[in-house]
Amino acid sequence: MSDEIFREQARVERQLTAMGMAHFDIAIDPRQGRDWYFHRDLFLVQLKELLPKLWEYNRRGYRILIRPHGEHGLTLLDGLDEAQIRRLGGEGLEPAAVIGYGEGLHQVWLKHDRKLNAIKSQAAQVMLYHLLEMNAKGHHWDEFGLLAGFELDRKPVQLVSDDGQPFSSAARFDEMLK
């Protein structure tokens, strides 16, 4: 295995570990109006075996996307800048993983202290976007996020942080969802 592939695989594994899920869904988006390809309900070992194929698709311009399979305890927020990420931290909403893409844009995965059903997950996402004074329209609780170690528009998708812990105000926040 080349050093570059080893480093990219390590980034993927660090993101998946930070997300802390046992099963994942992968989407391969051709971005040219063609059908997406999906791999659903993958264990970590299955995802690792799929990596060479995913890198090949990515080299051909396809986006590689990931989400936890089924209902889960993560919330994905997209399009955040560094000030918004700091604001989350100041509110006790420290991200479990931060994924950098583009110029100053980030996706964050927030880890709750319990699994949320779809209705509560959607409510959590809307509350968090509103806290950041962002539009939640068009976002859905089970949307796919970027996977570190790949490229988006020929720019690297980077794992900025991978704390992997539930946010410190998770219990209080999740109580507000009841």
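Glycine 20 follows helix α1. Its phi is positive, near 70°. The model described here is predicted. Helix α1 itself covers residues 3-19. The helix has 17 residues and spans 24 Å from its first C-alpha to its last. That reach is close to the 24 Å expected at 1.5 Å a residue. Its buried residues are Glu8, Gln9, Val12, Gln15, Leu16, Ala18 and Met19.

One open sheet consists of four strands in the order β2-β1-β3-β7. The pairing in this sheet is antiparallel. Strands β2 (37-42) and β7 (145-146) form its edges, and each pairs on one side only. Strands β1 and β3 pair in the antiparallel sense over six bridges. Within that sheet, alanine 27 stands opposite leucine 65 in β3. Strand β3, residues 63-68, also pairs with β7, in the antiparallel sense and over two bridges. Here isoleucine 66 stands opposite glycine 145 in β7. Helix α2, residues 44-59, packs on the sheet and touches β1, β2 and β3. The direction of α2 makes about 165° with that of β2. Helix α1 lies across β1 (24-29), β3 and β7. It runs at about 25° to β3. Strand β3 is largely enclosed by the rest of the structure, because five of its six residues are buried.

A further open sheet of four strands has the order β4-β6-β5-β10. Its pairing is antiparallel. Strands β4 (72-80) and β10 (158-161) stand at the edges. Each has a single partner strand, so one side of each is left without a neighbour in the sheet. From one strand to the next, the twist averages 30°. Strand β5 (residues 97-101) and strand β6 (residues 105-116) pair in the antiparallel sense over five bridges. Tyrosine 101 stands opposite leucine 105 in β6. Helix α1 packs on this sheet too, touching β4, β5, β6 and β10. The direction of α1 makes about 40° with that of β6. Helix α1 thus has a place against both sheets, lying across β1, β3 and β7 and touching β4, β5, β6 and β10.

Helix α3 lies across β4, β5 and β6. It runs at about 145° to β4. Glutamine 84 is found in this helix, which covers residues 82-90. The relative accessibility of glutamine 84 is 15%, so this residue counts as buried. The cut-off for a buried residue is under 20%. Leaving aside neighbours within four places in sequence, glutamine 84 is in contact with Gly79, Leu132 and Met134.

Two aspartates have a backbone feature to note. Aspartate 41 has a positive phi of about 55° although it is not a glycine. Aspartate 41 lies in strand β2, which is an edge strand of its sheet. At 34% relative accessibility, aspartate 41 counts as partly exposed. Aspartate 153 also has a positive phi of about 55°, and it is not a glycine either. Aspartate 153 lies in the loop between β8 (151-152) and β9 (155-156). Its relative accessibility is 53%, so aspartate 153 counts as exposed. The cut-off for an exposed residue is over 50%. In sequence, aspartate 153 and arginine 63 are 90 residues apart. In space, their C-alpha atoms are 8.2 Å apart.

The largest pocket has a volume of about 330 Å³. It is lined by 15 residues. The closest to its centre are Glu4, Glu8, Trp55, Arg59 and Gly149. Helices α1 and α2 are the elements that give two or more residues to the lining. Glu8, one of the residues closest to the pocket centre, is also among the buried residues of α1.

Technical notes
Residues are numbered from 1 along each chain as its sequence is written. This is a predicted model: local features need pLDDT of at least 70, side-chain atom pairs count only at pLDDT 80 or more; totals for chains, interfaces and linings use all residues. Side-chain values use heavy atoms; hydrogens and water are left out. Two strands pair if DSSP finds at least two bridges between them. Contact means heavy atoms within 4.5 Å. Axes are lines fitted to C-alpha atoms, for helices over the stretch in contact, and angles run from 0 to 180 degrees between N-to-C directions. The expected span of a helix is 1.5 Å times one less than its number of residues. Buried means under 20% relative accessible area, exposed over 50%, partly exposed in between (1.4 Å probe, protein chains only). On a 1 Å grid over the protein atoms alone, a cavity is a set of points where a 1.4 Å probe fits but cannot get out, and a pocket is an open set with protein on both sides within 12 Å along at least five of seven lines; lining residues have an atom within 4 Å of a point. Grid points are joined across faces, edges and corners, and a volume is the space filled by probe spheres set on the points.
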